[in-house]
Every structure is written in structure tokens, then in C-alpha cells.
Amino acid sequence: RKGSINDQEAEERRAELTKDLAANTAAGKLNLSSTLSELRIAGDLRVRYESRGGELANGDDQERDRFRYRVRAALTGKVLQNWGWGIRLESALSNRSNNVTLADDGGPYNKTNDGLYLGQVYVTWAPTPEWNFIAGRMPNPLVTTSMVWDGDINPEGLAEQF
């Protein structure tokens, strides 16, 4: 109201606002909507060097050295009592791998797929604690180990999880 405040008044006001926020929200959390009970932001970035070599059918050796990267950013939430949703942006357009070869715009391994793509978009419904349905392009609902089903696979359709 008075137009400007000094440093001490600014600190006092900041402390009051922080105290009000903590007092009016559960555990310092913001209430974005009465139907939205959970909102989660996640993601990862990976850069690696890869070297491969092998022998061609004609006896010639062939080697491939490259840098690869992967970027993923996800947003998930729960609405109402038993509905949820998720969306994830990825650095490659593939059901099997989000890895992209850096600066690989030409040559025999041409893959001009630099960009961000919609890798997952799904909804979940849990009518009971024992049943959980998921529909869309989803995270792998199956058991994932190094021997069975890679965790990077994004299947599409309808699944039920116990």
C-alpha cells in the first residue's frame, strides 16, 4: 500500500507468507484442485559412449563408435478416489528404446529422429485395492528383469495388474 518496503519489512512479509502456506496446506503441499489428490514430476537424462565391432559376411571388419543420449520427462497424477493418469515425453519415437545417436544425421546409420515425442499417455482405474486397470501407451505392466521384458518397452492397449 505504501509503494515500497525496506529489507526488514520484506523479510517479515516473506516469513508471514511462508507460515500461512504451511498452516493452510497439508504438510506444506499446495492444493491445485479438489479432484487432484497427487501430482508427480519425474525424468532422467543419460549420455553414454558405445563402441561396437564385428565381421561382415565378406570377411571385412566393421566398427561403430558413437555417443548416445536419452531424455525422458514424466507427469503423473491421481484424480478423484481411484482414477489416475500419466504422460511422458521421450527423446525417440520407438516402443523399444528412447536412445538417440548424437549427430547421426547421415551415413549408413541415418536416424534423423532428434526431438521430443509422446512416449506414454495412459489412464488408470482401480475399482478395488486388488484390481488396477491401465489403458493407453503405458509403462510395461509385466515383470521386467534383464532376462524377461525390458523395462523400456511401452506397450499399447489395456492391461490389468494385481
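**Exercise 1. Work out whether Arg88 is buried or exposed, then find its salt-bridge partner.**

Step 1: Arg88 has a relative accessible area of 12% and is buried. Here buried means under 20% relative accessible area, exposed means over 50%, and partly exposed is in between, using a 1.4 Å probe and protein chains only.

Step 2: The partner is Glu90, with the closest N and O atoms 2.5 Å apart. To count as a salt bridge, a side-chain nitrogen of Lys or Arg has to be within 4 Å of a carboxyl oxygen of Asp or Glu.

Step 3: Now check the partner. Glu90 counts as buried too, at 0% relative accessibility.

A word on the model before going on: it is predicted, so local features need pLDDT of at least 70 and side-chain atom pairs count only at pLDDT 80 or more, while totals for chains, interfaces and linings use all residues. Residues are numbered from 1 along each chain as its sequence is written, and side-chain values use heavy atoms, with hydrogens and water left out.

**Exercise 2. Find how many salt bridges the structure holds, and look at what Arg72 and Arg48 do.**

Step 1: The structure holds 10 salt bridges.

Step 2: One of them joins Arg72 to Asp44, with 2.8 Å between the closest N and O atoms. That pair links distant parts of the chain: Arg72 is in strand S2 (residues 61-79), Asp44 is in strand S1 (residues 36-55), and they are 28 residues apart. Strands are DSSP runs of E with at least two residues, and helices are runs of H or I with at least four, numbered from the N terminus.

Step 3: Compare the two ends. Arg72 counts as buried at 14% relative accessibility, whereas Asp44 counts as partly exposed at 27%.

Step 4: Arg48 bridges to Glu50, the closest N and O atoms being 3.0 Å apart. Arg48 is partly exposed at 29%, and Glu50 is buried at 10%. Both belong to a salt-bridge network with Arg52 and Arg66.

**Exercise 3. Describe how Trp83 and Trp125 pair up.**

Step 1: By the ring rule, there are four aromatic pairs. The rule takes rings of Phe, Tyr and Trp (its six-membered ring) with centres within 6.5 Å; planes under 30 degrees apart are stacked, over 60 edge-to-face, and the rest tilted.

Step 2: Trp83 and Trp125 are stacked, at 5.8 Å centre to centre with 25° between the planes. Trp83 lies in strand S3 (residues 83-90) and Trp125 in strand S5 (residues 117-128), so the pair ties together parts 42 residues apart in sequence.

Step 3: Check exposure. Trp83 counts as partly exposed at 39%, and Trp125 is partly exposed at 34%.

Step 4: Add Trp131 and Phe133, and you have one aromatic cluster with Trp83 and Trp125.

**Exercise 4. Place Asn140 and list what it touches.**

Step 1: Asn140 sits in the loop between strand S6 (131-137) and strand S7 (156-161).

Step 2: Asn140 is buried, with a relative accessible area of 13%.

Step 3: Leaving out residues up to four places away in sequence, Asn140 touches Trp149, Asp150, Ile153 and Pro155. Contact means heavy atoms within 4.5 Å.
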